[in-house]
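Work through the exercises below with the sequence and the model open. Try each task before reading its solution.

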Amino acid sequence: MPDQPGTPSRSSGHDGAAPASPNAPSEATFLDPAVSALHRSAPHLDATGIAEVLWLAARMGASSASGDTPSAQAPQQGSEAASSSVEDAAVDSPAQLKAPPPTPLTSPVSIPVGRTLHERLPGADTTVRGHAVSTPRAAALPGALELSQALRPWKKLWRAGRRKALDVTATVDSYAQSGELIPFFTAAPERWFDLDLLVDQSPSMQIWGETIDAFIKVLDQLGAFRTLRVHRLTFTDDSRIELYNQQGQPTSAGELRSPNSRRLVVMISDCAARAWREPAPWQQLREWSQNTPLAFLNPLPTKLWRRTGLSLPMVRVCPGPPGANNSTLSFELPPLLSSGKNTAQDTWVPIPVLSLSPNSLNRWSRTVMLGSPVGCAAALIPRTGRVTRRSHPNTVTRRPPKSARERVDDFLRTSSPEAGQLAVLCSPFDRLGLGLLHLVRQELVPQASTEDVAEVLTSGVFALDTDQSGSVELTVPQPVQARLREELAEHELWKMHRSLSRYIASHTNGQGRLAAVARGADAPEDLPAALTPFGHASQRTLELLGLSASSPETAVQDSSTTIIPGQLTTRADMKRLFGGGPQGGIIPSSTTPNILIYSDHTAGQRYGYYDGWLPEDDAHGSLFEYTGAGTLGDQTFSGQKGANNKAILQHAERGRALRIFMADGKVPGSGTKYQRYVGEFTLDATRPYITRQAPDDNGELRNVIVFRLRPSGDVVRDPRDEIPPAAAVVRETALLDDRLAAYLQQRGHTVQRNRVELEDGSSLEEIDLYDATDQVLYDVKHSTQRELVTKAVERLLGFRDRSRSLNLAIVLPSEPSDAVKQYLRVHAIALVYPDGDAFVGDILGK
């Protein structure tokens with residue numbers, strides 16, 4: 001646990017480090033068990049990997065000891081530390097939410113007003129008034145660490161290096177024999193290859209600019225190559241290759257030839273340019289590969305290669321000598337090639353073809369450098385450059401072009417799940433850049449690879465535009481957007497907004513930058529940007545992003561006439577502001593159109609229920625549950641007892657706002673509780689409330705009203721206000737189980753729980769509910785989700801194997817979809833769900 005500010009350090013000595021004991025164990029004593037533990041937990045690590053782990057652990061320990069950790073930094077002062085933004089609360093853990101002493105409502109408060117963030121797009125047709133800021137940028141290359149590990153075989157050293165090193169063994173032997181100290185030198189090992197990257201500059205390759213730059217950085221930091229040169233590749237009018245160095249000067253093709261095979265050439269292209277369908281480029285690659293190891297890297301998914309100029313015969317090549325050129329790689333001709341002309345293998349030259357995946361790069365690296373018998377994929381290049389294909393008369397009639405909706409349907413049906421999810425998450429935006437696409441992929445679809453991103457970009461669903469600076473922007477046509485939005489649940493949209501906002505708040509010191517606009521009416525100009533915001537930033541975050549703290553967005557407001565979400569107040573202050581009474585959980589005001597709702601976690605838990613945010617959003621977004629008024633008997637909407645509950649139920653038609661406050665500590669020196677303002681809400685339009693069972697003051701089980709509230713304005717979602725997921729699930733399941741048990745008992749049925757004795761003397765353990773009268777075994781679930789239903793069916797079928805005389809039924813909180821009903825019918829399992837105060841289901845009629 002880090003030391004608290006202002007408390008003495010726990011370590012002895014003035015410098016914070018304890019003096020070393022003369023009997024302290026040596027470093028080797030600690031190192032041996034550490035290495036053994038690493039071998040047991042990660043047996044795949046080689047000596048280099050173990051050394052890197054130990055080095056990183058030492059660096060992390062040194063960083064912590066030097067005071068670089070957040071706990072060692074000076075605490076923040078003033079109102080900025082006393083208040084936290086929405087995304088700050090989302091990033092911090094509940095244990096870190098112990099705020100400094102709260103500021104009461106009666107004093108002016110500096111309010112950090114947040115701003116929406118819009119991606120700044122030079123090619124956008126729309127503008128947003130705001131200030132230009134640079135937000136953190138996501139990595140353009142997924143899995144960079146895994147790619148680096150896959151390329152480790154290239155660190156193999158060339159033993160006969162150009163430099164000399166002292167041979168200690170030979171020198172000592174000579175001295176022992178002759179008595180004369182004569183130093184002996186031998187060739188020092190050195191890095192094996194010089195690496196030349198040839199990057200295609202065709203228009204279709206512009207979308208891969210950032211990804212290729214990130215891959216080049218991986219290769220540079222790998223430390224496996226003597227030199228690394230990058231060449232820009234273009235084509236002449238007759239499809240011949242032209243090379244230019246990084247200074248824009250022409251490079252001769254002969255510079256890539258290596259007489260000693262110590263130059264490695266990697267060609268990077270998507271082969272979409274028309275020149276790749278001509279023989280000339282492939283003839284040039286074939287010539288280079290005769291005396292130089294050469295590979296071809298294509299960022300597109302392998303299933304799309306056939307649609308490009310890479311539609312060449314593919315084989316698996318076996319290794320030759322380590323580091324040798326391509327002509328030494330062995331392979332077997334495919335049957336169709338071996339049965340025709342040019343069957344001799346010397347007429348074909350294999351060129352390994354790679355994708356930007358760790359598996360592909362590792363197989364190639366191990367094949368070329370370690371002689372792995374697994375081999376790797378390669379394309380065969382004939383002497384003519386390309387395989388001559390027979391011409392067939394075009395008898396296929398052209399199909400009419402597909403509509404946008406049909407294209408989206410085809411894409412969602414054939415794409416990988418990750419690519420489909422990424423495309424759906426892009427649907428809220430009319431236009432977005434590659435930077436935002438990579439940010440969505442990193443934070444929302446972290447399992448997506450470069451191939452999944454390529455599948456989205458080349459799907460034809462999005463229109464790709466390139467501005468004069470070379471920046472690529474994706475335009476989402478309206479029909480495409482409408483179709484994709486059908487697949488996007490509202491809670492996923494809110495999840496994306498919160499995730500991106502949290503990332504921006506926690507990575508303000510990142511190196512990469514994503515151009516954005518912080519919306520604000522005080523800004524001097526309108527900037528071209530997307531109308532749909534991708535995130536939200538507090539004033540504190542904006543200051544870290546470079547927006548001046550003196551911006552008019554931060555203002556001192558008169559707290560006697562207004563209140564903002566997240567602010568602390570008291571009941572007395574709210575009575576003066578909104579009217580109403582000083583006591584009770586639901587207080588309708590007689591002077592203003594407001595209903596004040598107060599909740600206290602400690603009081604609610606005493607009755608077995610929780611007020612707060614549900615841990616997971618539903619299809620309509622966030623949901624806040626609040627239990628109605630009444631501590632004895634059933635809660636109701638009628639009479640004086642249910643008047644306040646009725647006020648909430650009719651708030652919309654009466655034009656009243658619902659304002660929720662949560663108890664949050666006490667005013668120093670008094671017993672008065674602080675009330676934290678959560679925000680303004682409205683009842684859920686489709687299901688404004690539900691009824692549950694909970695004990696009253698006398699411990700008697702009764703029906704309670706649980707209002708389902710949706711945010712209707714700005715709110716602050718404090719993690720402390722979230723209903724614990726386990727409690728929510730257990731509570732929902734237990735209440736549904738209790739309701740069904742009470743319903744069956746009212747009908748004269750005998751109900752058992754937990755254990756059922758079978759006719760053969762055995763028993764079924766851990767059951768939810770058993771109706772002994774009708775011999776029905778019920779499995780109760782808190783949700784109608786297909787995954788939960790599937791698990792329940794598997795569990796019930798296991799019970800059926802034990803006893804064929806049992807009737808099986810699943811109990812769900814509401815009527816499920818037709819697909820779920822059909823699924824249950826197929827397995828001969830009855831369905832039961834509540835309908836008001838009763839339950840419906842065929843099996844209940846027995």
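The exercises go from the whole chain to single helices and then to single residues.

This is a predicted model, in which local features need pLDDT of at least 70 and side-chain atom pairs count only at pLDDT 80 or more, while totals for chains, interfaces and linings use all residues. Residues are numbered from 1 along each chain as its sequence is written, and side-chain values use heavy atoms, with hydrogens and water left out.

**Exercise 1. The whole protein**

Task: State how many helices and strands there are in the protein, and what percentage of its residues count as buried.

Solution. Begin with the elements, which are DSSP runs numbered from the N terminus (helices: H or I, at least four residues; strands: E, at least two). The protein has 23 helices and 38 strands. Next, take burial: buried means under 20% relative accessible area, exposed over 50%, and partly exposed in between, with a 1.4 Å probe and protein chains only. By this rule 43% of the 846 residues are buried. Last, take contacts, meaning heavy atoms within 4.5 Å. Among contacts with a separation of 6 or more, 71% are between residues 24 or more positions apart.

**Exercise 2. The nonpolar cores**

Task: Find the residues with the most contacts inside the largest nonpolar core, and list what W364 is in contact with.

Solution. A nonpolar core is a set of buried Ala, Val, Leu, Ile, Met, Phe, Trp, Tyr and Cys residues joined through side-chain atoms within 4.5 Å. The largest one has 114 residues, and W154, W276 and W364 have the most contacts inside it. Leaving aside neighbours within four places in sequence, W364 is in contact with L151, W154, L264, V266, A295, P352, L354 and C376. A second, separate core has 21 residues, including V756, L758, L812 and L824. As background, nonpolar side chains tend to be buried together in soluble globular proteins.

**Exercise 3. Helix α14 and P301**

Task: Explain why α14 is described as largely enclosed, and find which residues P301 is in contact with.

Solution. Helix α14 covers residues 450-457, and 7 of its 8 residues are buried, so the rest of the structure largely encloses it. The buried ones are T450, D452, V453, A454, E455, V456 and L457. They pack against α7 (209-222), α11 (404-414), α12 (417-425), α13 (434-444), β18 (463-466) and β19 (472-475).

Now turn to P301, in the loop between β13 (294-297) and β14 (314-317). P301 is buried, at a relative accessible area of 4%. Apart from neighbours within four places in sequence, P301 is in contact with E451, A454 and E455. The C-alpha atoms of P301 and T450 are separated by 8.3 Å, although the two residues are 149 residues apart along the chain.

**Exercise 4. Helices α12 and α13**

Task: Decide how α12 lies relative to α13: roughly parallel, roughly antiparallel, roughly perpendicular or oblique.

Solution. Use axes fitted as lines to the C-alpha atoms over the stretch in contact, with angles from 0 to 180 degrees between N-to-C directions. The axes of α12 and α13 come within 10 Å and cross at roughly 120 degrees. This makes α12 oblique to α13, because angles under 35 degrees count as roughly parallel, over 145 as roughly antiparallel, 65 to 115 as roughly perpendicular and the rest as oblique. At the crossing, Q421, L422 and L425 of α12 meet L437, V440, R441 and L444 of α13.

**Exercise 5. Helix α23**

Task: Sort residues of α23 into buried and exposed.

Solution. In α23 (residues 818-826), the buried residues are V820, K821, Y823 and L824. Seen down the helix axis, they fall within an arc of 160 degrees (taken from the directions from the axis to the C-beta atoms), so they line one face of α23. D818, R825 and V826 are exposed on the other side. The cover over the buried residues includes α22 (786-802), β36 (807-811) and β37 (830-835).

**Exercise 6. Two positive phi values**

Task: Is C271 buried or exposed? Where is Q775 placed?

Solution. C271 is not a glycine, yet its phi is positive, about 60 degrees. C271 sits in the loop between β12 (263-268) and α8 (279-289) and is buried, with a relative accessible area of 0%. Q775, also not a glycine, has a positive phi of about 55 degrees. Its place is in the loop between β34 (763-771) and β35 (776-780), and at 33% relative accessibility Q775 counts as partly exposed.
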